[in-house]
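Reader: I am new to this structure and would like to know how each label is earned. Could you take me through it with the definitions beside the values?

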Amino acid sequence: MTHDAVDAILDQWRDERPDLDDLLPMEVFGRVYRVAAAIGDRTERAYQRLGIGRGEFDVLATLRRSGEPFNLSPKQLSDTLMLTTGGMTGRLDKLEKAGFITRTSDPSDRRSLRAQLTPAGRDLVDEAVTAGLAVQREALGKLDPTDARRLADLLRELARAVDR
């Protein structure tokens, strides 16, 4: 195995703090963070080539995943994306101005609006999800498929343990 940036950090901690006997958490989460940041940046660049950022992608993808008729209330979007309603309003304004969503009145509450994906928004998010997956697929292609599957399973187990 080749030495990486996380190994260099661990070596420094071992030199400076030999009393830290278990650096495995730093090793695991340091690498998880580095991989997530690198792939996140590459995915963001793929979205930017299509004229949107990660925030806009998240809104469009949430609407797309919701199924026909591809509309949700701003509250549903905010809850799903863990955003404040103010942050959501800004994203919706930008997406509406670009023609990727429309706002329609909620049939069950005329005081409320729903964000609806337009055909152009659907085409864009379908292209963006394909571009993002290509970036992620390329990175995972560096691993043996069995190892990639095992990594996904291990990360699911870790996520469940952390979420409890």
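Author: A residue is called buried when its relative accessible area is under 20%, exposed when it is over 50%, and partly exposed in between, using a 1.4 Å probe and protein chains only. Please keep in mind that this is a predicted model, in which local features need pLDDT of at least 70, side-chain atom pairs count only at pLDDT 80 or more, and totals for chains, interfaces and linings use all residues. Residues are numbered from 1 along each chain as its sequence is written, and side-chain values use heavy atoms, with hydrogens and water left out.

Reader: Why is phenylalanine 70 called buried?

Author: Its relative accessibility is 7%, which is under the limit for buried residues, so phenylalanine 70 counts as buried. Phenylalanine 70 sits in the loop between H3 and E1, where helices (H or I, at least four residues) and strands (E, at least two) are DSSP runs numbered from the N terminus. Although it is not a glycine, phenylalanine 70 has a positive phi of about 60 degrees.

Reader: What else marks the loop between helix H3 and strand E1?

Author: Proline 69 also lies there, in the loop between helix H3 (54–65) and strand E1 (71–72). A cis peptide bond joins proline 69 to glutamate 68, with omega at about 5 degrees.

Reader: Is methionine 82 buried or exposed, and how do you know?

Author: Methionine 82 has 75% relative accessibility, and since this is over the limit for exposed residues, it counts as exposed. Methionine 82 belongs to the loop between helix H4 (74–81) and helix H5 (85–97), and, although it is not a glycine, it has a positive phi of about 55 degrees.

Reader: How do you know that arginine 31 and aspartate 7 form a salt bridge?

Author: The term asks for a side-chain nitrogen of Lys or Arg within 4 Å of a carboxyl oxygen of Asp or Glu. For arginine 31 and aspartate 7 the N to O distance is 2.9 Å, so the pair meets the definition. Arginine 31 lies in helix H2 and aspartate 7 in helix H1 (residues 5–16), so this salt bridge ties together parts that are 24 residues apart in sequence. Arginine 31, at a relative accessible area of 26%, is partly exposed, whereas aspartate 7, at 16%, counts as buried.

Reader: How many salt bridges does the structure hold, and what makes glutamate 56 and lysine 94 one such pair?

Author: The structure holds 14 salt bridges. Another of them joins aspartate 19 to arginine 17, with 2.6 Å from N to O, and arginine 17 counts as partly exposed at 34% relative accessibility. In the pair you name, the side chains of glutamate 56 and lysine 94 meet at 3.3 Å, N to O, and this distance therefore satisfies the definition. Because glutamate 56 lies in helix H3 and lysine 94 in helix H5, the pair ties together parts that are 38 residues apart in sequence. Glutamate 56 is buried, with a relative accessible area of 12%. Elsewhere, salt bridges that share partners join Asp4, Asp7, Glu27 and Arg31 into one network.

Reader: What makes a group of residues a nonpolar patch on the surface here?

Author: Patch residues have over 30% relative accessible area and no salt bridge; nonpolar side chains (Val, Leu, Ile, Met, Phe, Trp, Tyr) are joined within 5 Å, like charges within 9 Å. The nonpolar patch here is formed by Leu24, Val28, Phe29, Val32, Leu140, Leu143, Leu151, Leu155, Leu158 and Val162. Together they have about 800 Å² of accessible area, by the Shrake-Rupley method with a 1.4 Å probe, where only the protein chains shown count as cover for residues. Helix H2 (24–48) and helix H7 (145–163) each supply at least two residues of the patch.

Reader: Why can leucine 140 be counted in that patch?

Author: Leucine 140 has a relative accessible area of 43%, so it is partly exposed and also passes the accessibility limit for patches. Leucine 140 is found in helix H6 (residues 119–140).

Reader: Why is arginine 103 called partly exposed?

Author: Its relative accessible area is 25%, which falls between the limits for buried and exposed, so arginine 103 is partly exposed. Arginine 103 is found in strand E2 (residues 101–106). The C-alpha atoms of arginine 103 and arginine 54, 49 residues apart along the chain, are separated by 21 Å.
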